Amino acid sequence: MLGNIVTGCSVMAPAGMLAELSGGLGVTIHAAGLLITFGAIVLCVGSPVTAWLTSRIERRALLTVTLLVLALTNAASAVAPDYASLLIIRLVMLAIGVLYTPQAAGTAALIVPVQKRGSTIAYIFLGWSLAAAVGLPLITFIASRYGFRAAYGAIALTGFVSVALLWWRLPGGLQGVPVDLRTWLDLGRNRMIVLLLAITTLQMSGQFVVFTFMGPLLAKLTGASSDAIGIVFALYGICGFVGIMIATRIVDTWGAWRTSVLFTGLLLAGVAGWAVSAGVYGLMAVSVALWGLGFASTNSMQQVRLVAAAPPFASASVSLNTSVLYVGQAVGSAIGGLLFAREWLHSAGYVAAAFVAVALTIVIITRPRRTARAVAAE
């Protein structure tokens with residue numbers, strides 16, 4: 001879970017300090033936002049490839065080395081001399097860091113009983129909620145006062161601590177199911193898995209139309225200061241933490257589908273609220289709080305549903321989910337960047353809501369059949 005905090009902060013950090021990156025590196029905010037877009041492209045391509053290349057590596061070694069690379073590249077980002085260097089470092093960072101989240105979920109499936117798998121995966125994904133709840137506001141706070149280099153240094157320090165703790169506590173000798181070409185073919189023929197991957201893509205595309213440029217959008221639409229923007233990021237993350245804690249408590253009794261419907265509905269309500277209330281800081285903040293309740297919970301439920309759909313291939317299916325998650329980030333941040341560059345600031349929320357609405361529709365139609373659940377129970 002702590003490793004996911006480091007991973008989440010590494011992935012999301014530029015969103016919390018776009019203005020500081022722009023000023024410190026002498027580039028436009030749109031160009032600074034491309035750190036997220038290009039990084040997401042590397043992530044979406046890298047997830048299935050690295051899952052295949054590393055499927056036979058012992059899990060403790062794989063996860064700790066991945067975190068060590070994240071810590072070292074964040075440290076390198078703190079001393080990057082220019083935009084091009086920072087971009088290259090970020091691409092290397094994420095090409096390796098993409099391993100962590102899916103492999104952590106797959107490792108959880110190896111160390112807990114089946115009946116605890118859903119809540120455990122949701123708990124591990126809590127790290128992403130904490131990255132947003134604590135990490136992003138701290139990144140915004142540190143960057144606004146001490147510069148983006150200090151923020152990267154703080155992430156690096158957290159990464160080194162996480163490496164030590166993970167190596168100390170995770171059992172050795174854990175091996176997942178090897179991934180080969182047949183694995184990908186089998187997953188591609190599984191209709192439920194394909195639909196679940198589509199849900200993830202749409203959810204993330206919609207969110208990142210707005211999320212990538214949330215700080216600059218708040219500043220332009222409401223005149224919000226850096227501290228006011230930090231408060232909104234904190235609301236987003238704190239509510240994400242609350243949402244994931246609720247999801248962790250109810251998923252084993254409600255089931256992943258019902259839990260997913262609930263939190264995708266909250267996600268849609270929040271994004272739609274942002275669109276309708278654009279220009280009014282208080283209402284936009286409330287909308288972000290609703291949005292926050294859904295963002296991490298929907299992602300964790302996607303992982304739970306994927307693991308349940310094909311348990312022997314959990315690492316591969318969750319890696320694909322991570323890949324399309326980053327496809328969504330790339331698509332959403334690219335669309336958001338175009339809208340921002342053209343000053344179509346109010347349109348971003350409506351575009352985001354349209355993506356999430358389609359995702360909720362697919363969630364609803366993927367309701368498990370009663371007979372399928374009965375067979376699974378037997």
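Leu157, Val161, Leu165 and Trp168 make up a nonpolar patch on the surface of this predicted model. Together they offer about 440 Å² of accessible area. The chain holds 17 helices and zero strands. Its radius of gyration is 19 Å, close to the 21 Å that the globule rule gives for 378 residues, so the chain is as compact as a globular protein of that length.

**Surface patch**

- Val161, one of the patch residues, sits in helix H8, which covers residues 148-169.
- Val161 counts as partly exposed, because its relative accessibility is 44% and the partly exposed class runs between 20% and 50%.

**Overall build**

- The C-alpha trace spans about 60 × 40 × 30 Å along its principal axes.
- Of the 378 residues, 58% count as buried.
- The chain exposes about 14500 Å². Carbon and sulfur atoms supply 71% of that area.
- Among contacts with a separation of 6 or more, 85% come from residues 24 or more positions apart.

**Nonpolar cores**

- The largest nonpolar core has 100 residues. Met17, Leu21, Phe211, Met214 and Trp291 have the most contacts inside it.
- Helix H7 (residues 117-146) gives this core its largest share, 13 residues.
- Another core, of 16 residues, lies apart from it. Leu195, Leu196, Ala310 and Ala316 are among its members.
- Which residues does Trp291 touch, not counting those up to four places away in sequence? They are Gln207, Val210, Phe211, Met214, Tyr236, Leu266, Leu267, Gly270 and Val271.
- Two of these partners, Phe211 and Met214, are also listed with Trp291 among the residues with the most contacts inside the largest core.

**Helix H4: Leu70 and Ala75**

- Leu70 is found in helix H4. Ala75 is in this helix too, which covers residues 59-78.
- Leu70 is buried, because its relative accessible area is 1% and the cut-off for buried is under 20%.
- Ala75 is partly exposed, with a relative accessible area of 31%.
- Leaving aside neighbours within four places in sequence, Leu70 is in contact with Val6, Thr7, Ser10, Met93 and Gly97.
- The C-alpha atoms of Leu70 and Ala156 are separated by 7.3 Å. These two residues are 86 residues apart along the chain.
- Ala75 and Ala150 are 75 residues apart along the chain. Their C-alpha atoms are separated by 9.5 Å.

**Helix H14: Ser297**

- Ser297 lies in helix H14, which covers residues 281-309.
- Is Ser297 buried or exposed? At 0% relative accessibility, Ser297 counts as buried.
- Ser297 touches Gly243, Ile244, Ala247 and Phe263, not counting residues up to four places away in sequence.

**Loop between H15 and H16: Glu343**

- Where does Glu343 lie? Its place is the loop between helix H15 (314-341) and helix H16 (347-365).
- Phi of Glu343 is near 65°. That is a positive value in a residue other than glycine.
- Glu343 counts as partly exposed, at 47% relative accessibility.

Technical notes:
Residues numbered from 1 in each chain as written. Predicted model: local features only at pLDDT ≥ 70, side-chain atom pairs only at ≥ 80, totals over all residues. Heavy atoms only, no water. Patch = residues over 30% accessible without salt bridge, like charges linked within 9 Å, V, L, I, M, F, W, Y side chains within 5 Å. Areas by Shrake-Rupley, 256 points an atom, 1.4 Å probe, with all protein chains shown as cover. Salt bridge = Lys/Arg side-chain N within 4 Å of Asp/Glu carboxyl O. Helix = DSSP H or I, 4+ residues; strand = E, 2+ residues; numbered from the N terminus. Buried < 20%, exposed > 50% of the residue type's maximum accessible area, 1.4 Å probe, protein only. Core = buried A, V, L, I, M, F, W, Y, C linked by side-chain atoms within 4.5 Å. Contact = heavy atoms within 4.5 Å. Rg over C-alpha atoms; globule rule 2.2 N^0.38 Å.
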